[in-house]
Amino acid sequence: MKHLGKLLFLLLLAGQLSFGQSISQKIDSVAKSYYEQSGIGISIGFIQDNQEYYSAYGTLSKESNISINKNSVFEIASITKIITATLIAQAELEGKLKLNDYIDSYLPEVYTLHDNLKNKIKISDLASHQSGLPDLDFRELIELNPQQPVSSVTQKVLTEMVNSCETLIDYGTYRYSTLGYTLLGQTLETIYGKTYDTLVREKIVQPLQLTNTFTKEFQVYNRTNGYNPEDGEQEFFNWNITAPAGLLKSSASDMVTYLKAMLNTKTVRSKAAFLTETIVYADENRSMGLGLNIIKDGDNTLYLKSGDSMGQSSMLCYNRADDWGIVILLNHRNSPMRQELLNVIYEVALKKL
C-alpha cells in the first residue's frame, strides 16, 4: 500500500494535532491516519508512569466484522527474542549461568563444536548476534514452503549446521541470527531441565498473568489474520524448534503488561531487563544489548526490538529514564510502515517527554 513520505506526513499531521492534546490522543491520531491511508489493522499499547493507553483500528480479518482491540492476538515474531534474552538474564540472576560463559557446556549433547570453535563463543555473543555461526537461509526456506518456512527446520538440520562449522568467518561482527536464539532457547532447556514452552509459561506468562500470550495453541476467537506484502492471507507460524527466535503470539495489552514489569524497578523481570540493556556490541551503525537495539537520540536512550513474520509486523520500544514504553502490532507484513509509525509517534508525541 502507498504511504505519504515521512516528512510530508509529519507536516500534515502536525497541522491536525492540537497542542492541548494528550500524548495518548496524539498516538491515536497517528494510528487513525495510518489506518485510513493503508487499511492495515493496527493495535497500539502505550504505558507512561504506569498508566496504560490503547488505540486500535481495523477488523480481525478482511471478512470479519469484529474490531481489533487491545486484546486481539498478533504474531509478535522476533520480539520473542526479548523474552528469550530476558530468560537468559534471569538465569544469570539465579546463578544458573554467566553471560560471559562459553556456550560449549550448555548446548545439548547432539552438538560437537569443532576444535576451532571451542571456548570461543560466549552466551552474550549469541544474544547480540555476533557469534559468527552460520544461519538459516530464509529465502530457501520460503521457496520450500511459503506458508510455513520453518517447518523443515529440525534438530538434525541444526546439528549439521553447527557440527560442520569449522570457522567463524565474522565472529565479533553483527549478523542477525535465528540459529543463535534457537541455541539460547536450548541452553535454557539444558540448565532448567524443562522445555522452552514450559519456561515461557512458568517464568513469564503465569507470573504476569498474560491471558493473550500463546505458544503452541493459538486458535482463539480474538486472533487476527495475517497478510503478506502481496496482500495474500498468511498462516501464523506453527511452533517448532526455532520457537525461541520468534514464534510467540500476543496482544497489545499483554505486551504493555510485560513492559510494565520491565520498567518497574522492583520486579525480577526489571532486574533481568537491566542486564539485557547492557551494551555488549557496538559499531558505527548500531549498539546492541541482549536482543535489544539501543539508540541514543540526544538525551534520550531508546531500547527497541522489531518483529516480522510472513504475515505481520510488530515493534516494541521503551525509554526507561522517562518511564514510557510502546508496542505496535500490524496484521500485515509491512516493516516500512511499522518503522514509520514508531518514528512519527516518537517525533510528535514522545521525543520531548
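The following questions and answers go through helices, cores and charged pairs in a predicted model.

Visitor: What limits apply to the model and its numbering?
Guide: Residues are numbered from 1 along each chain as its sequence is written, and side-chain values use heavy atoms, with hydrogens and water left out. In this predicted model, totals for chains, interfaces and linings use all residues, local features need pLDDT of at least 70, and side-chain atom pairs count only at pLDDT 80 or more.

Visitor: How far apart are the end C-alpha atoms of helix α2?
Guide: Helices (H or I, at least four residues) and strands (E, at least two) are DSSP runs, numbered from the N terminus. The expected span of a helix is 1.5 Å times one less than its number of residues. For the 16 residues of α2, residues 23–38, that gives 22 Å, which agrees with the end-to-end separation of 23 Å.

Visitor: Which residue just after α2 takes a positive phi?
Guide: Within α2, the buried residues (under 20% relative accessible area; exposed is over 50%, partly exposed in between; 1.4 Å probe, protein chains only) include Ile-23, Ile-27, Val-30 and Tyr-34. Just after the helix, a phi of about 75° is taken by Gly-39.

Visitor: Which helix gives the most to the largest nonpolar core?
Guide: A nonpolar core is a set of buried Ala, Val, Leu, Ile, Met, Phe, Trp, Tyr and Cys residues joined through side-chain atoms within 4.5 Å. The largest has 72 residues, and Leu-133, Leu-183 and Tyr-258 are among those touching the most other members. Eight of its residues come from one helix, residues 252–263, which is α10.

Visitor: How many residues are in the other core, the one with Ile-27 and Tyr-57?
Guide: This core lies apart from the largest one, and its members also include Ile-40 and Ile-328. Its residue count is 27.

Visitor: Which side chain of opposite charge is nearest to Lys-81?
Guide: Lys-81 lies in helix α3, residues 80–93. Among its contacts (heavy atoms within 4.5 Å), beyond four places in sequence, are His-129, Tyr-176 and Lys-305. Lys and Arg count as positive and Asp and Glu as negative, while His and the chain ends are not counted. Lys-81 is buried without a salt bridge (a side-chain nitrogen of Lys or Arg within 4 Å of a carboxyl oxygen of Asp or Glu), and the nearest opposite charge, 7.9 Å away, is Asp-135.

Visitor: How many disulfides does a search of the whole structure find?
Guide: A disulfide is a pair of cysteine sulfur atoms within 2.5 Å. Cys-165 is buried at 8% relative accessible area, and Cys-317 is buried at 1%. The number of disulfides found is zero.

Visitor: Which residue forms a salt bridge with Arg-175?
Guide: The structure has 10 salt bridges in total. Arg-175 is partly exposed at 28% relative accessible area, whereas its partner is buried at 17%. The closest N and O atoms are 2.6 Å apart, and the partner is Asp-170.

Visitor: How many residues apart in sequence are the parts tied together by Asp-308 and Arg-338?
Guide: Arg-338 is buried, with a relative accessible area of 5%, and Asp-308 is partly exposed at 24%. Their side chains meet in a salt bridge of 2.2 Å, N to O. Asp-308 lies in strand β10 and Arg-338 in helix α12, so the pair ties together parts whose separation in sequence is 30 residues.
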